[in-house]
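Q: Can you walk me through reading a protein model, feature by feature? I'd like the general idea, then the case at hand.

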Amino acid sequence: MSLISLDQVSYTYYGRKEPAVSSVSLQIFKGEKIAITGLNGSGKSTLAKLMLGLLKPQKGQVYLHNCPIEKYPLPEIGRKLGYVSQRPYQMLFNTTVYKEIAFGLKWKGKTRTDTYRLTREYLEYFDLWHLKDELPYNLSEGQKQLVVISAVLVLEPEFLILDEPTKSLDKKRKKHLQSILYNIWSRGTGIILISHDRAFIKDFQGRRVHMVRGEVDCDES
């Protein structure tokens with residue numbers, strides 16, 4: 001059974017004539033690695049938002065665990081599907097880097113000891129622990145990206161959707177990200193990577209879904 005399923009899904013933004021996503025059908029299974037590629041405007045980010053229930057399809061249906069996604073409240077979707085947008089600064093809202101990572105753990109009911117341990121573990125992995133008391137908005141774009149990725153990864157979602165996660169990262173941090181993505185995938189977490197980074201996609205070595213003008217042009221393993 002698929003984890004996420006799209007059945008003839010279409011979506012057109014207000015004021016636009018051409019659909020951003022047009023009659024897309026996909027089956028996404030637990031534990032898969034998928035790279036979604038395509039030029040700017042090909043519908044990649046819109047497709048991700050439809051999968052997450054952030055946009056409602058105007059035609060067709062999105063399913064999560066074989067149930068229409070609109071049946072789930074957004075917090076429940078967030079527990080199952082972790083999402084990092086290509087504008088990470090829009091996802092930051094706490095007063096320190098530490099609190100940004102710890103927030104979701106506290107909400108999940110983790111003890112203070114476990115919250116500290118896991119928060120430190122992820123921040124140290126990305127070489128961010130020394131910034132734990134900093135205001136997230138004061139960080140570089142690459143650092144903000146890593147803070148948001150850490151805040152999502154620490155919650156251990158069933159599937160992780162990353163929209164252009166390497167765009168503000170240097171070579172060293174790309175390597176770190178590549179390593180941690182492989183590690184979480186090997187533990188059973190599925191990953192959807194939306195990216196223009198050809199080298200990163202090549203090393204990612206997953207199924208590739210290529211978008212052209214809102215449609216799936218090819219879908220290959």
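A: Sure, let's begin with charged contacts. A salt bridge is a side-chain nitrogen of Lys or Arg within 4 Å of a carboxyl oxygen of Asp or Glu. Keep in mind that this is a predicted model. Here Asp197 forms a salt bridge with Lys174, and their closest N and O atoms are 2.9 Å apart. Lys174 sits in helix 6 (residues 171-186) and Asp197 in the loop between strand 8 (190-194) and helix 7 (198-204), so this pair ties together parts that are 23 residues apart in sequence.

Q: Is Asp197 buried or exposed?

A: To judge that, you need the cut-offs: buried means under 20% relative accessible area, exposed means over 50%, and partly exposed is in between. Asp197 has a relative accessible area of 15%, so Asp197 is buried. Its partner Lys174 comes out at 25%, so Lys174 counts as partly exposed.

Q: How many salt bridges are there?

A: The count comes to 11 salt bridges. Let's look at a few of them. Glu124 pairs with Arg120, with the closest N and O atoms 2.7 Å apart. These two are four residues apart in helix 4 (residues 112-125), which means about one helical turn separates them. Glu124 has a relative accessible area of 41% and is partly exposed; Arg120, at 30%, is partly exposed as well.

Q: Which parts of the chain does the pair of Glu220 and Arg208 link?

A: First the contact: Glu220 forms a salt bridge with Arg208, the closest N and O atoms being 3.6 Å apart. The pair links distant parts of the chain, with Glu220 in strand 10 (residues 215-220) and Arg208 in strand 9 (residues 207-212), 12 residues apart. Glu220 is partly exposed at 41% relative accessible area, and Arg208 is partly exposed at 29%. Salt bridges can also share partners: that is how Glu76, Arg79, Lys80 and Glu158 are joined into one network.

Q: OK, on to rings. How many aromatic pairs are there?

A: Seven aromatic pairs are counted. For each pair, look at the distance between ring centres and the angle between ring planes. Planes under 30 degrees apart count as stacked, over 60 as edge-to-face, and the rest as tilted. Take Tyr98 and Tyr116: their ring centres are 6.2 Å apart and their planes are at 40°, so this pair is tilted. The pair links distant parts of the chain, since Tyr98 is in helix 3 and Tyr116 in helix 4, 18 residues apart. Tyr98 is buried, at 18% relative accessibility, while Tyr116 is partly exposed, at 38%.

Q: What is the arrangement of the rings of Tyr125 and Phe126?

A: Their centres lie 5.8 Å apart and their planes are at 80°, so this pair is edge-to-face. Phe126 has 1% relative accessibility and counts as buried, whereas Tyr125 is partly exposed, with a relative accessible area of 28%.

Q: Which residues form one aromatic cluster?

A: Tyr98 and Tyr116 turn up again: together with Trp129 they form one aromatic cluster.

Q: Now pockets. How do you find empty space in the first place?

A: Rolling a probe the size of a water molecule over the atoms shows where empty space is left. In this model, the largest pocket has a volume of about 820 Å³. It is lined by 25 residues, and the closest to its centre are Gly78, Tyr83, Met91, Val152 and Leu155. The elements that give two or more residues to this lining are helix 2 (74-80), strand 6 (81-84), helix 3 (97-107) and helix 5 (141-153). By class, the lining has 17 nonpolar, five polar and three charged residues.

Q: And which residues are closest to the centre of the second largest pocket?

A: Those are Tyr13, Gly41, Gly43, Ser45 and Thr46, out of 26 lining residues. This pocket has a volume of about 550 Å³. Helix 1 (residues 44-51) gives the most to its lining, with four residues. By class, the second lining has six nonpolar, 11 polar and nine charged residues.

Q: Last one: how many disulfides does the structure hold?

A: Zero. As for cysteines you can check yourself, Cys67 is partly exposed, with a relative accessible area of 25%, and Cys218 is partly exposed too, at 23%.

Note on methods:
Residues are numbered from 1 along each chain as its sequence is written. This is a predicted model: local features need pLDDT of at least 70, side-chain atom pairs count only at pLDDT 80 or more; totals for chains, interfaces and linings use all residues. Side-chain values use heavy atoms; hydrogens and water are left out. A disulfide is a pair of cysteine sulfur atoms within 2.5 Å. Buried means under 20% relative accessible area, exposed over 50%, partly exposed in between (1.4 Å probe, protein chains only). On a 1 Å grid over the protein atoms alone, a cavity is a set of points where a 1.4 Å probe fits but cannot get out, and a pocket is an open set with protein on both sides within 12 Å along at least five of seven lines; lining residues have an atom within 4 Å of a point. Grid points are joined across faces, edges and corners, and a volume is the space filled by probe spheres set on the points. Ala, Val, Leu, Ile, Met, Phe, Trp, Tyr, Cys and Pro count as nonpolar, Asp, Glu, Lys and Arg as charged, and the others, Gly among them, as polar. Rings of Phe, Tyr and Trp (its six-membered ring) pair if their centres lie within 6.5 Å; planes under 30 degrees apart count as stacked, over 60 as edge-to-face and the rest as tilted.
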